[in-house]
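Okay, thanks for making time, everyone. I'll put the structure up and then walk through a few side chains with you.

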Amino acid sequence: MELLVPKLYDFFDYQNDGNLGRTLFEFVESRQDCFFDDKYGYRNINMGKVSYISSICRKMAEDNLLIRLKTNGVECFNDVYFVNLRPDNFQYPELFSSQLAYGYYDFAYNGFPFTRAHFTNSVVPVIGINKKGDYDIGTAYYIDDNEFVTAAHCITGLNKFSLQYQNGKRIKVSAVLFPDNDNIDLAIIKSEEDIQLTPFMLGEPGVLDDILVMGYPPIPGMDTVLISETGTVNTFITPAQKASDGQIIAETKSYLPPMDYFMINCRVKGGNSGGPVINKHGLVIGTVVSLVFDSKGGSDGGRYDLMGFGTCISSEHIPKIHENHTKKEFGYDGDFYFLK
């Protein structure tokens, strides 16, 4: 998927002989996909494409990426001048530049279908054999530097595991890093290959954020299938609830380990574990780690919540794994990896 916003931003970084800005039509003229030859051999403007580019420019102006300078009489794409707002005008120039190149604004302007198409190959299955001897599946996603993130139980809960591309080709694993805190259900899988996938950037969750979840839930009768769901962040879950006035009035008991989570209302299934939770800007704000149980019996004898709520761990824990981690040794049988 083409990231158009960085190209527009760079194009309108323009000053010549004291004159600022360029017209939208100048940008249109620079692109072959804005024109087509009809059956008579005449060159015509692709107005659908031009209208799309114009709409992106308007949104960039609303977000103060571009400054609309002037128009000459009738408003049309040949009369609208823009100049960009230089990175030094933003509070964090380096962060702004990296987000711009990443697609931060393209994802917000085009919606989740665009985001999903852009990152489709970056979400991969974790295939394994569980302790019952049956095949099992989880999800991992690529974060750059030949590293993938998944839920730790997608590795430790299997007797054998493998990481693979969507075409079934296995990815060579060089190391698996686990947090020093066993309550953090995350792991980083390092590959010895030069991974040519689009990496995700990380962000932070907020209640009522619109989200996209991608993963590989097990579907009977089908091979690994990447499924996408949209929803929202519903709440944050803390280990204990406390009253005001400095007094503890109650502590909740939960089958979840004692740490902070956030809950989403996507209909995730078991194989979604380890999958990314993506916000409207394309940032991974968390990782799916479990499904909640309903009120009938809980985890000891109950059933999974039929509404499909999922619990997730914030992405803030991922950089911490690099700082403090345990590297477990593993073997390879020629097909699967296994922890020793």
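So, to kick off: which residue lies over the face of phenylalanine 11? That's arginine 22, at 4.4 Å from the ring centre. Quick reminder before I go on: this is a predicted model.

There's another arrangement of that kind to look at. Arginine 43 has its charged end over the ring of phenylalanine 35, and the distance to the ring centre is 3.8 Å.

Right, on to rings with rings. The count of aromatic pairs here comes to 20. Take tyrosine 9 and phenylalanine 96: the ring centres are 5.6 Å apart and the planes sit at 65°, so we call that pair edge-to-face. Anything over 60 degrees goes in that class. Now, where do the two partners live? Tyrosine 9 is in helix 1, residues 4-11, while phenylalanine 96 is in helix 4, residues 93-102, so the pair ties together parts that are 87 residues apart in sequence. Both tyrosine 9 and phenylalanine 96 are buried.

Compare that with tyrosine 142 and phenylalanine 148, which make a tilted pair, with 5.2 Å from centre to centre and 50° between the planes. Those two, tyrosine 142 and phenylalanine 148, are buried as well.

Back to the first pair for a second, since there's a cluster to show. Tyr9 and Phe96 belong to one aromatic cluster along with Phe90, Tyr104, Tyr105 and Tyr109.

Next up, histidine 118. You'll find histidine 118 in helix 6, residues 112-119. Is histidine 118 buried or exposed? Its relative accessibility is 16%, and the cut-off for buried is under 20%, so histidine 118 counts as buried. What does histidine 118 touch, if you skip neighbours within four places in sequence? The contacts are Met1, Leu3, Phe107 and Thr198.

Now for a couple of residues with some accessible area. Glutamate 26 sits in helix 2, residues 24-29, and with a relative accessible area of 33% it's partly exposed. Glutamate 26 and tyrosine 81 are 55 residues apart along the chain, and their C-alpha atoms are separated by 9.6 Å.

Last one: isoleucine 67, in strand 6, residues 66-68. This isoleucine 67 is also partly exposed, at 37% relative accessible area. Together with Leu20 and Leu69, Ile67 forms a nonpolar patch on the surface, and the three have about 230 Å² of accessible area together.

That's my tour, happy to take questions.

Conventions. Residues numbered from 1 in each chain as written. Predicted model: local features only at pLDDT ≥ 70, side-chain atom pairs only at ≥ 80, totals over all residues. Heavy atoms only, no water. Patch = residues over 30% accessible without salt bridge, like charges linked within 9 Å, V, L, I, M, F, W, Y side chains within 5 Å. Areas by Shrake-Rupley, 256 points an atom, 1.4 Å probe, with all protein chains shown as cover. Salt bridge = Lys/Arg side-chain N within 4 Å of Asp/Glu carboxyl O. Helix = DSSP H or I, 4+ residues; strand = E, 2+ residues; numbered from the N terminus. Buried < 20%, exposed > 50% of the residue type's maximum accessible area, 1.4 Å probe, protein only. Phe/Tyr/Trp six-rings, centres within 6.5 Å; stacked < 30°, edge-to-face > 60°. Lys NZ or Arg CZ within 6 Å of the ring centre and 35° of its normal. Contact = heavy atoms within 4.5 Å.
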